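Me: I have a structure open that I have not looked at before. Could you walk me through it?
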Amino acid sequence: MNGSLGPRILVIEDEESYRDSLRVLLTREGFRVALAGTGPEGVAAFVRLGADVVLLDLMLPGLSGAGVFKKIREQSDVPIIMVTAKDDQVDKIIGLELGADDYVTKPYSGRELVARIRSVLRRTAAIPADLTSEPERLEVSGLTLDPERLMLTQGGKTSPIPPKEFALLYLLAANAGRVIPRQMIIERVWGVDYFGDTKTLDVHIKRLRDRIEADPAKPALIKTVRGVGYSLEIVDR
Ligand code: CA
């Protein structure tokens, strides 16, 4: 599958010493790390690479952290952790008013930062349990998914599923009951560098529905949430 790719963290920080130590720390913790040293670079990096979490310094040259925050929010609900200087109350208020998911105050400990990143990721479900983490057998809504053999069991019948379809179903099943945004699905199943036709996702959804729905024309399991993405319903079977 995708190998073992951890969540992607975009660090937007103008102080080189912080950038360097964050790169080392977060890489060691299993994250993929992208670094930007100015506000505009940070926005550009987000547009280019996306991220599962953004660590955003408030005081930045070029474009302030607040400006970067707004630019990113125009296109994404990615969790953003604001980094504020010292115990500056004004900074905290700005961060809260903007709606940051969390904030940390410099100087912060690496351990504390990593804990907050993981906590934000858990809260926002931005780490869907998918094939990039340790794959486990899943049972939900009458479906049993075996990621080691790419097998689906439903209604007592077991059959193999092509890898991308399986990855898509597994992602939905691991997050059953939650809507997964289209872009996140594409990133998780096809990879962040995928620039192909987004219709590919719809085609795979259709194939899955043909496979698992009692009536594919009236899907009861895989729901479309218009303008957002897809979710796998939790149903008793
Ligand atoms: Ca700064």
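Reply: What follows goes from the whole chain to a metal site, a helix and a hairpin.

Reply: This is a predicted model, in which local features need pLDDT of at least 70 and side-chain atom pairs count only at pLDDT 80 or more, while totals for chains, interfaces and linings use all residues. Residues are numbered from 1 along each chain as its sequence is written, and side-chain values use heavy atoms, with hydrogens and water left out.

Me: How many helices and strands are there in the chain?
Reply: The chain has eight helices and twelve strands, where helices (H or I, at least four residues) and strands (E, at least two) are DSSP runs numbered from the N terminus.

Me: And what share of the residues is buried?
Reply: Of the 237 residues, 46% count as buried, a word that stands for under 20% relative accessible area, with exposed meaning over 50% and partly exposed in between (1.4 Å probe, protein chains only).

Me: Switching to the metal, which residues coordinate the calcium ion?
Reply: Asp14 (OD), Asp57 (OD) and Met59 (O) coordinate the calcium ion at 2.1 to 2.4 Å. Donors here are N, O and S atoms within 2.8 Å of the metal (3.2 Å for Na, K and Ca), and since water is not among the atoms, sites may look incomplete.

Me: Where do Asp14 and Asp57 sit?
Reply: Asp14 lies in the loop between β1 (8-12) and α1 (16-28), whereas Asp57 belongs to strand β3 (residues 53-57), so that the pair, 43 residues apart, links distant parts of the chain.

Me: Is Asp57 buried or exposed?
Reply: Asp57 counts as buried because its relative accessibility is 5%, while Asp14, at 31%, is partly exposed.

Me: OK, on to α1: which of its residues are buried?
Reply: Tyr18, Arg19, Leu22, Leu25 and Leu26 are buried in α1. Seen down the helix axis, the buried residues of α1 fall within an arc of 140°, so they line one face; the arc is that of the directions from the helix axis to the C-beta atoms. Glu16 and Arg28, on the other side of α1, are exposed.

Me: What follows α1?
Reply: Gly30 follows α1, and its phi is positive, near 95°.

Me: Last one: how do β11 and β12 run?
Reply: Strands β11 (residues 222-225) and β12 (residues 229-232) run antiparallel and are joined by four bridges, two strands being paired if DSSP finds at least two bridges between them. Val225 stands opposite Gly229 in β12, and in the hairpin, which has three residues between the strands, Gly227 takes a positive phi near 75°.
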